[in-house]
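The exercises below ask you to read a structure step by step, and each task is followed by a worked solution. Please look through the sequence and the model before you begin.

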Amino acid sequence: MADQNLEEELHVLMAEGDKDDFDILADAIEKVPVKVILTRAENGDVLMKLIHDKIPDLLFLDIILPCRDGRDCIREIRSDKKFDNLPIIVYTSIKDLDTIEFCYRWGTNLFVHKPQTYSEIADIVRKIFSVNWKKMQYYPSRNEFVLNP
């Protein structure tokens, strides 16, 4: 994985219905040595409006969202060519194989089952932000697609 340029701002959008989950991930992101501007979409409808207004550099997407679930958002995003370069990190409490397979086949970049401890979250965040998402498209092989702490 390539190092992120420490001088560049990274615009990150997180589609997360649970405020506590957002706050915990936001806290871990604040500690990475990358300038991150983090925005929250609290449901799938807000997510789709926000990305149509301004495409972020990186999208964290929960599968379980109010209004429009993550699967519907992935289908809509990956069906629109203007989002071809948008990296999608699925960050969800769901870990069944059907969901993982769906996300892989629909072209998301990584799949993360929400870790249980803060240290695991911090480890995952460090791994994710070790990729320079602005400079490269990162599509790991199937055996590296699910990112574990």
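**Exercise 1. Describe the surroundings of Trp 133, beginning with its side chain.**

Solution. The side chain of Trp 133 reaches the backbone oxygen of Ile 128 at 2.8 Å, and this is judged as a polar contact, a pair of N or O atoms within 3.5 Å in which, within protein, one must be able to donate a hydrogen and the other to accept it, while residues adjacent in sequence count only if both atoms are side-chain atoms. The model is predicted, so local features need pLDDT of at least 70 and side-chain atom pairs count only at pLDDT 80 or more, whereas totals for chains, interfaces and linings use all residues. Residues are numbered from 1 along each chain as its sequence is written, and side-chain values use heavy atoms, with hydrogens and water left out.

Next, place the residue: Trp 133 is found in the loop between α5 and α6, where helices (H or I, at least four residues) and strands (E, at least two) are DSSP runs numbered from the N terminus. Trp 133 is buried, with a relative accessible area of 4%; buried means under 20%, exposed over 50% and partly exposed in between, using a 1.4 Å probe and protein chains only. Finally, Trp 133 and Asp 57 are 76 residues apart in sequence, yet their C-alpha atoms are 6.9 Å apart in space.

**Exercise 2. Is Pro 140 buried or exposed, and which residues does it touch?**

Solution. Begin with the location, since Pro 140 also lies in a loop, the one between α5 (118–128) and α6 (142–145). Because its relative accessibility is 7%, Pro 140 counts as buried. When residues up to four places away in sequence are not counted, Pro 140 touches Tyr 104, Asn 109, Leu 110 and Phe 145, where contact means heavy atoms within 4.5 Å.

**Exercise 3. Describe where Thr 99 sits and what it contacts.**

Solution. Thr 99 belongs to helix α4 (residues 97–105), and its relative accessible area of 0% is why it is classed as buried. Its side chain is joined to that of Asp 96 by a polar contact of 2.8 Å. Leaving aside neighbours within four places in sequence, Thr 99 is in contact with Ile 63, Arg 71, Ile 94 and Phe 111.

**Exercise 4. How are α3 and α4 arranged, and which residues meet?**

Solution. The axes of α3 and α4 come within 10 Å and cross at roughly 15°; axes are lines fitted to C-alpha atoms, for helices over the stretch in contact, and angles run from 0 to 180 degrees between N-to-C directions. The two helices α3 and α4 are therefore roughly parallel to each other, a term for angles under 35 degrees, whereas those over 145 count as roughly antiparallel, 65 to 115 as roughly perpendicular and the rest as oblique. At the contact, Arg 71, Ile 74 and Arg 75 in α3 meet Thr 99, Phe 102 and Cys 103 in α4.

**Exercise 5. Decide whether Cys 67 is buried or exposed.**

Solution. Cys 67 is found in the loop between β3 (58–61) and α3 (70–78). With a relative accessible area of 61%, Cys 67 is exposed. A further detail concerns its backbone, for Cys 67 has a positive phi of about 70° although it is not a glycine.
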